[in-house]
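Subject: Structure for you to look at

Hi there,

Here is the structure I promised to pass on. Have a look at it first, and then read on for my notes.

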Amino acid sequence: MKLSQAFRMAFKSIWSNKLRTALSMLGMLIGVATVIALVAMSEGSSRQVQAQVESLGAANMLQVTITGRGLTTSLTKDEAMEFADIANVEGVSPIVNGSVTAKFGTTSESYTVEGVTPEYELVRDVGFTKGRFIVDLDSVNYSKVALIGANVATDLFGMEEPVGETILLNGSRFKVVGLLETKGDSINGSADDKILIPLTTGERLFQSNGVKSIYLKVSDTDQSERVQAQLELKLAAKFLDSTNAYRVINQQEAMETVGSVTQTMTSMMAGIAAISLVVGGIGIMNIMLVSVTERTREIGIRKSLGAKRRDILLQFLIEAVAISGLGGAFGIAIGYIASHIIGVVMSTETAVSLSMVGWAFAFSAGVGVIFGIFPANKAARLRPVDALRHD
C-alpha cells in the first residue's frame, strides 16, 4: 500500500468519527496550550527581571557601596578616583545621594538627588536631551546647578520649559541646566525621578562625610572578575580596622545569576505543563484501542485481501499522530491567545518563544507516535481468521 493511500484512509477514519476525534484532541490541545501559556508567562517575567537588572548598569559595571559610618569608613572623591588606575577600568564615578524636597512655584515634591562628577555621564550611560551636563568647573566652584529627570520636569513644570529656571532643593536655590533623557523604571525606582547636581555641592547639601557609592566601568567584560579582585584588595587595605565596611557588586555576575534562575523557572514550568501532554497521549491511546476493537472485522477483511502487517501498523500510527498533531496545532493557537489575555488581565509582560512552540508541537507529535504504537501494533498482529470471526 502506498503511503499516500495510508494517509487518505487514516484521515477518512478520523473524519468519520468527528466527536471522538475532537475529544481525543482535547487533551493534547489543553496540554500544548498550557505549555505555551505558562512558558510565555515565565519568559515574560524573565525579560522584565533581566531588563530591571540591566537598568542598574551594563554588564561591564562594578558598584562599590560603603556600608560603614563615620570618617574611618568612607572614601573621599580623590580616593575613589584612584580606582581609575586599575587596569581595564574605563571610568570611575563617585556618588553621594539623598532625598530632598524640590519646589517650583507652588508645586512641591520629594525626589532622589545624586551628587555626581562629569564621569557619571560615561560610566552610567546617561544622556541629556536639552541643556548641558555637569562639568568639572561646577564641582570646583560648588555650583548650585541641576539636571532633572523627565518625571521631575513634568511634575514641577508641566508643559513649561525647565532649562534655565530655578528650583528649590531643601530650600536652596538651584538653576536647572539640563534635562535628562528618559530611562524608565528600574529595581532602584524610576530613573526619571532623579535630580543630578555636582558632587561637591551634594556633599554640602547632605552634609556627607565622603562618598558612599562608586561606579566603575570596565573596558573588557571578560576582565570584570580580575578588576573586582584588584578593587577588593585596595578596599581591604583602606579599611583594615573595619569589618563589612564595603560591598562590591559585579553587574555581570548578577545578570548571569538572574539568567540561571529564570532558565530554571522556565524549565520547571515547561516540565509541569508537559504532564498534561502525557495525559493527553494516554487519552489518545485509549481511543485508538477502542478504534481497533471496533474495526476488527475491517482489519480482517483488509488482511484477507492482501494487506500486510506494516500497512495496518502504518494506518493506525498515522491516525494517532494526526490526532495528536492536530491537537498540538490547535493548542498552539489557543496558547497564543491565552498568553495575550493573561498579559492584559494581569498587566504583565508575556513572550511566546518560537523555539518553545516548535518543541511543544514536536512533543505532541512524538506523544502520538509513542502512545499510538501499542494500539497500532495490536491491530497489525490480528490474524485474519480471528478478525473475521469477531462479532
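A quick definition before the first residue: a residue is called exposed when its relative accessible area is over 50%, buried when that value is under 20%, and partly exposed in between. Please keep in mind as well that this is a predicted model.

With that cut-off in hand, take Val345, which sits in helix 11. Its relative accessibility is 64%, so Val345 counts as exposed. Val345 also belongs to a nonpolar patch on the surface, together with Ile334, Tyr336, Ile337, Ile341, Met346 and Leu354. Taken together, the patch residues have about 720 Å² of accessible area. Where does the largest share of the nonpolar patch come from? Helix 11, which spans residues 309-345, supplies 5 residues of it.

Helix 8 is a nice one to turn around on screen. This helix runs over residues 224-238, and its 15 residues reach 21 Å from the first C-alpha to the last, close to the 21 Å expected at 1.5 Å a residue. Its buried residues are Ser224, Val227, Gln228, Leu231 and Leu235. They cover an arc of only 100° around the axis, which means that they lie on the same side of helix 8. Glu225, Arg226, Leu233 and Ala237 are on the other side of helix 8, and these are exposed.

In helix 7 (residues 199-206), the buried residues are Leu199, Thr200, Thr201, Gly202 and Leu205. Just after helix 7 comes Gln207, with a positive phi of about 50°.

That brings me to the backbone. Most residues other than glycine have a negative phi, so a positive value deserves a glance. Besides Gln207, with its positive phi just after helix 7, here are two residues to look up:

- Tyr142 has a positive phi, near 55°. You will find Tyr142 in the loop between helix 5 (136-140) and strand 5 (145-148). Its relative accessibility of 37% is why Tyr142 counts as partly exposed.
- Asn170 also has a positive phi, near 55°. Asn170 lies in the loop between strand 6 (166-169) and strand 7 (172-180). With a relative accessible area of 43%, Asn170 is partly exposed.

Happy browsing, and write back with any questions.

Best wishes

Definitions and conventions:
Residues numbered from 1 in each chain as written. Predicted model: local features only at pLDDT ≥ 70, side-chain atom pairs only at ≥ 80, totals over all residues. Heavy atoms only, no water. Patch = residues over 30% accessible without salt bridge, like charges linked within 9 Å, V, L, I, M, F, W, Y side chains within 5 Å. Areas by Shrake-Rupley, 256 points an atom, 1.4 Å probe, with all protein chains shown as cover. Salt bridge = Lys/Arg side-chain N within 4 Å of Asp/Glu carboxyl O. Helix = DSSP H or I, 4+ residues; strand = E, 2+ residues; numbered from the N terminus. Buried < 20%, exposed > 50% of the residue type's maximum accessible area, 1.4 Å probe, protein only. Expected span 1.5 Å × (residues − 1). Arc of directions from axis to C-beta.
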